[in-house]
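This briefing sets out the main structural features of one protein for use at the bench. The points are grouped by topic after a short lead.

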Amino acid sequence: TLDMAAALAALREAKAPEEALAEPVPVVTTRGTDSSPRFSPDGTVLVFLTQDGNDEWYTNQYVATVPAAGGAPRVVTRAFDEEADNPRFSADGRSILFEGQARLASHIFSVPAAGGGVRRLTPGDDLHRRISWSRDGRSAALVRESPRDAPEVYLLEAGARGGEPRLRPLSHVNDWTREYATLVKEPFRWKAKDGMEIEGLLVKPAGLRPGQKAPLLVIVHGGPAGVFSNSFSVRRGVYPVQLFAQKGFAVLMPNPRGSGGYGEAFRKANVRDWGGKDYEDIMAGVDALVAAGLADPERLGVMGWSYGGFMTARAITKTGRFKAASCGAGVTDTLSFTGVADIPPFMRSYFGAWPWDDQAVYTLHTAMYNAKGVTTPTLIQHGGADARVPTPN
């Protein structure tokens, strides 16, 4: 057995080689976040994630390369208008593999290391996550799920002679979920007030008869750059969507402007406009369901967590249509939030100024300063140790 105390003492007394004392040398020094570096197979190039000189919270994250000895970085996923993640070189070093969101789905992509067109490797509109590549880079294990299929481990294999990659299941640990009644999330699209197409997910209630109107619950995601996606709807998340639907409620989960998955322009479309056009997007979705005869306009509820809590609180200051609301970890006062949250620059980024430089934009887009006349019964839920949205909100 190893005597750990003796081993630690020996390490403390050991002298490091002279070359180990060299100072670190910056390889990339652009403005904004640069992260997740990995070497190419021959060790001469680094692949990494970059905001490409932009430090705003809502901008794209790209895949870039840079010589390991230093030099000018090169963005290789400029054509991918979303946030790339988890990049790595292929085994031969000729291409780079990465993950990314695409509307309601998430996929694995490939791009030539020298730059060029981005190619999607995973099929359909499902979620493909937590990828782990084999040593030779020709296959990968990943977790796949869809609104109909619970998460399972799959194997992604390179196609023969340059053909399309193949995806086959490896595990069946969640087959038991097929024994239970589940209600599937369906894509739902509508036009915003200004004509922009908005997308979300809809769960229809159990036993809904043709022509019958259901009470509607609207759930708003966090972020605001979060996104509702094609995950397996049995998974609870913040709210038990399946239980709501089984109790007779229709559930709408909208991705209004500001959401991730739809490109940078869409993601920053609510800058300096929290609770403005994004609120209108959500209400247009409600109106579309009412017009379709699915939702009962007299039985509407709204809820959300974090930014979803902000939107819930802001919504009930703008309309009395909701009969009840549930505000989870909500940002009800954007001014105080700036000073007490664990991410102070976040609000400066989204509102274009600090509150002491432009107080009006903060008070206009906050529930606390617009609460006069609110009558909607509201449940407030908040964690006592929440560092992101502390309890003063």
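A residue is called buried under 20% relative accessible area, exposed over 50%, and partly exposed in between (1.4 Å probe, protein chains only). The structure is a predicted model, in which local features need pLDDT of at least 70 and side-chain atom pairs count only at pLDDT 80 or more, while totals for chains, interfaces and linings use all residues. Residues are numbered from 1 along each chain as its sequence is written, and side-chain values use heavy atoms, with hydrogens and water left out.

**Overall architecture**

- The protein contains eight helices and 19 strands; helices (H or I, at least four residues) and strands (E, at least two) are DSSP runs, numbered from the N terminus.
- Its C-alpha trace spans about 75 × 55 × 50 Å along the principal axes.
- Of the 393 residues, 47% are buried.
- The exposed area is about 19,600 Å², and carbon and sulfur atoms supply 54% of it (Shrake-Rupley method, 1.4 Å probe; for residues, only the protein chains shown count as cover).

**The seven-stranded sheet and its helices**

- An open sheet of seven strands follows the order 13-14-16-15-17-18-19 with mixed pairing; two strands pair if DSSP finds at least two bridges between them.
- Strand 13 (186-191) and strand 19 (378-381) form the edges, each pairing on one side only.
- Strand 15 (residues 214-220) and strand 16 (residues 250-255) are parallel and share three bridges; Leu 216 has Ala 250 of strand 16 as its bridge partner.
- Helix 4 (residues 277-291) packs on this sheet, touching strands that include strand 13 and strand 17 (295-305), and its direction makes about 105° with that of strand 13. Axes are lines fitted to C-alpha atoms, for helices over the stretch in contact, and angles run from 0 to 180 degrees between N-to-C directions.
- Helix 5 (residues 307-318) lies across strands 15, 17, 18 and 19, at about 135° to strand 17.
- Gly 285 belongs to helix 4 and is buried, at 0% relative accessibility. Beyond its neighbours within four places in sequence, Gly 285 is in contact (heavy atoms within 4.5 Å) with Phe 188, Trp 190 and Leu 252.

**Nonpolar cores**

- The largest nonpolar core has 58 residues, and those with the most contacts inside it include Leu 216, Val 218 and Trp 274. Such a core is a set of buried Ala, Val, Leu, Ile, Met, Phe, Trp, Tyr and Cys residues joined through side-chain atoms within 4.5 Å.
- Apart from the largest core lies another, of 12 residues, among them Val 47 and Phe 89.

**Antiparallel hairpin**

- Strand 5 (residues 84-89) and strand 6 (residues 95-102) run antiparallel and are joined by four bridges.
- Five residues separate the two strands of this hairpin, and Gly 93 in the turn has a positive phi of about 75°.

**Salt bridges**

- The structure holds 21 salt bridges, each a side-chain nitrogen of Lys or Arg within 4 Å of a carboxyl oxygen of Asp or Glu.
- Asp 358 bonds in this way with Arg 272, with the closest N and O atoms 3.0 Å apart. Asp 358 lies in the loop between helix 7 (345-351) and helix 8 (359-364), and Arg 272 in the loop between helix 3 (264-267) and helix 4, so the pair ties together parts that are 86 residues apart in sequence.
- Asp 296 forms a salt bridge with Arg 299, the closest N and O atoms being 2.9 Å apart; Asp 296 is buried at 16% relative accessibility, whereas Arg 299 is partly exposed at 40%.
- Arg 103, Arg 189, Glu 197 and Glu 199 are linked in a salt-bridge network.
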